[in-house]
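Thanks for making time this morning; I would like to walk you through one model, beginning with how its helices pack and ending with a pocket.

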Amino acid sequence: MASGTSPSTARKQARDHAAKLLEAEDAERRRLEAARRKRITDHAADIAGNDAEIEQLTGKIEDLRADSARRLAAIVADGVNESQAAVMTGRELRDVKTAVRTVTAATAAAAVSAKALKKQAVNAAAAEPS
């Protein structure tokens, strides 16, 4: 204690000094907590962005696979047998057969669907009063 200082003044100064130290510690703790929260929210946002990008890329991959299957079916439709198509494209024979089967089935389903729509249109036109 400094000489010439009253006990109440010394207590007040000690309290003020301790309060400043505690406030500095609290400020540092708040700063660290704010930085932690920012890191956590940034990571969560990055994860959401990655998930969205994965969804986009997955869709693109599916589109590219479907395009490859259509092209394989077109090669086979042009008279190349499935085993030759497999060798030419570096694919397994079973993959080529699956692609051709899938595209053929989709094409047949589309043709049946188109035929059914045409029949409905004809029936609707016939049912209309003139």
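In which crossing, left-handed or right-handed, does helix 1 pass helix 2? Before I answer, this is a predicted model, in which local features need pLDDT of at least 70 and side-chain atom pairs count only at pLDDT 80 or more, while totals for chains, interfaces and linings use all residues. Residues are numbered from 1 along each chain as its sequence is written, and side-chain values use heavy atoms, without hydrogens and water.

The crossing of helix 1 past helix 2 is right-handed (the near helix is turned clockwise from the far one by less than a right angle). Helix 1 covers residues 7-77 and helix 2 residues 82-89, and the two pack at about 130° with their axes 9 Å apart. That makes helix 1 oblique to helix 2, oblique being whatever is left once under 35 degrees is called roughly parallel, over 145 roughly antiparallel and 65 to 115 roughly perpendicular.

From helix 1, L72, I75 and V76 meet E82, A85, M88 and T89 of helix 2, contact meaning heavy atoms within 4.5 Å. The residues of this contact divide into 5 nonpolar, 1 polar and 1 charged.

Turning to the pocket, the largest one holds about 150 Å³ of space, and its lining includes R65, L72, R91 and D95. Helix 1 and helix 3 (93-127) each supply at least two residues of that lining, which divides into 3 nonpolar, 3 polar and 3 charged residues.

Note on methods. Axes are lines fitted to C-alpha atoms, for helices over the stretch in contact, and angles run from 0 to 180 degrees between N-to-C directions. Helices (H or I, at least four residues) and strands (E, at least two) are DSSP runs, numbered from the N terminus. Ala, Val, Leu, Ile, Met, Phe, Trp, Tyr, Cys and Pro count as nonpolar, Asp, Glu, Lys and Arg as charged, and the others, Gly among them, as polar. On a 1 Å grid over the protein atoms alone, a cavity is a set of points where a 1.4 Å probe fits but cannot get out, and a pocket is an open set with protein on both sides within 12 Å along at least five of seven lines; lining residues have an atom within 4 Å of a point. Grid points are joined across faces, edges and corners, and a volume is the space filled by probe spheres set on the points.
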